[in-house]
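Here are my notes on the model you sent over. Have it open while you read, since the points go element by element.

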Amino acid sequence: MLELRHQGWKWATAIAIAMLAGCASRSHPPAPVEDRSTGRVPAPSTSEQARAVPGAENAGKPGYYAVRPGDTLIRIALDNGQNWRDIARWNNIDNPNVIEVGQVLRVAPPGAVATTEVAVARPVTSGTVTPSTAGSPGSVASAARSPASAPVVASIPPSPAAAPAGEDELPWTWPTPNGGSVIASFDEQHNKGLDIAGKPGDPVLASADGRVVYAGAGLRGYGNLIILKHNNTYLSAYAHNQVLLVKEDQAVKRGQKIAEMGNSDADRVKLHFEIRRQGKPVDPSRYLPAR
């Protein structure tokens, strides 16, 4: 009997303790656990930092360029005196429309040391600039047509180069035959070339022998644009055309008709003409013969 009473006391004690514990849990809930890790982003590892942008290991080296907001492969090529296709090949770029801010691109041929000064050219236009709807940097504008079967070459008297003599210097000619008044002169800060007035359909001529490295409307502010590469030093650019008469990789001769004047991406009919020396815009009037 004593043993049964002892066991009953033990059960009563256990029940009382359980009830007290339950009351305590209802009157004093456990303190909440604060998650201090919320909102924290772990710092990237060294390997993640290295792969943040393609070519980051070449940043600051001669012959390389870090992509900036608003850049396109065409503009980078123009500003560095290169063919955009060459830059795409040197950097293993499959889709030339896809480059990212901060990406470091080779802009000089492998093995070459670049000494060029990068200068961003944005021709002056007082009208509304419409973003280009062209497809790829290599696409020809919708206004372009097939080149004529027999290229038209203007009759041009021989003239010495107006620029300082050098291995890659060229005999230049005006890109508009028989006049055409200059309505905007070269200005290093505001106009990277000459603006020449004319009528719709007036001929636009190649200013020197060369090869077409771009024909299209993929560079905002230039409209239907042709870029010629003349040698390792010089490019020339012809903007705002209404019709393009040449295609990329086509060889052209000095004085050959390559386009017809228009007002694409401009406030009036005009030709915006640039000469680039190692990618840097120079005053065309120093290179063109007097007229």
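1. Helix H3 (73-79) is the main contributor to the lining of the largest cavity, giving three residues. Along with H3, S6 gives two or more residues to that lining. This is a predicted model, so read every value here as computed from predicted coordinates. The cavity has a volume of about 40 Å³, and the structure holds one cavity of 30 Å³ or more.

2. Which residues line the largest cavity? They are Ile74, Ala77, Leu78, Gln82, Asn83, Trp84, Val213, Tyr214 and Ile227. As for how such a space is found, rolling a probe the size of a water molecule over the atoms shows where empty space is left.

3. Leu78 is worth a click. This residue lies in helix H3, and is Leu78 buried or exposed? Its relative accessible area is 1%, under the 20% cut-off, so Leu78 counts as buried. Leaving aside neighbours within four places in sequence, Leu78 is in contact with Leu219, Tyr222, Ile227, Leu235, Glu274, Arg276 and Gly279. Take Ile227 from that list: 149 residues separate Leu78 and Ile227 in sequence, while their C-alpha atoms are 8.1 Å apart in space.

4. On to the cores. The largest nonpolar core has 27 residues, and Trp172, Ile226, Leu228, Tyr238 and Ile258 touch the most other members. At least two residues of this core come from each of strand S4 (194-197), strand S6 (210-216), S7, S8, S10 and S11. A second, separate core has 24 residues, among them Trp84, Val107, Val213 and Tyr214. Trp84, Val213 and Tyr214 also appear in the lining of the largest cavity. As background, nonpolar side chains tend to be buried together in soluble globular proteins.

5. Leu228 deserves its own look. With neighbours within four places in sequence set aside, Leu228 is in contact with Ala206, Ala208, Arg211, Val212, Val213, Tyr234, Leu235, Ser236, Tyr238, Val252 and Ile258. Two of these, Tyr238 and Ile258, are listed with Leu228 among the core members that touch the most others. Ser236, also on the contact list, stands opposite Leu228 in S8.

6. Why is strand S8 (residues 234-244) described as largely enclosed by the rest of the structure? Ten of its eleven residues are buried, so that description follows. S8 runs antiparallel to strand S7 (residues 224-229), with five bridges joining the two. S7 and S8 make a hairpin, and four residues sit between them.

7. S8 has further partners. Six bridges join S8 to strand S11 (residues 270-277), again antiparallel, and there Ser236 has Ile275 as its bridge partner. Strand S10 (residues 257-261) also runs antiparallel to S8, through three bridges. In that pairing Asn241 is matched with Met261.

8. Finally, the chain as a whole. The protein chain has four helices and twelve strands. Of its 291 residues, 42% are buried. Among contacts between residues at least 6 apart in sequence, 71% join residues at least 24 apart. The accessible surface comes to about 16,200 Å², and carbon and sulfur atoms account for 54% of that.

How values were computed:
Residues are numbered from 1 along each chain as its sequence is written. This is a predicted model: local features need pLDDT of at least 70, side-chain atom pairs count only at pLDDT 80 or more; totals for chains, interfaces and linings use all residues. Side-chain values use heavy atoms; hydrogens and water are left out. Buried means under 20% relative accessible area, exposed over 50%, partly exposed in between (1.4 Å probe, protein chains only). Two strands pair if DSSP finds at least two bridges between them. Contact means heavy atoms within 4.5 Å. Accessible areas come from the Shrake-Rupley method with a 1.4 Å probe; for residues, only the protein chains shown count as cover. A nonpolar core is a set of buried Ala, Val, Leu, Ile, Met, Phe, Trp, Tyr and Cys residues joined through side-chain atoms within 4.5 Å. On a 1 Å grid over the protein atoms alone, a cavity is a set of points where a 1.4 Å probe fits but cannot get out, and a pocket is an open set with protein on both sides within 12 Å along at least five of seven lines; lining residues have an atom within 4 Å of a point. Grid points are joined across faces, edges and corners, and a volume is the space filled by probe spheres set on the points.
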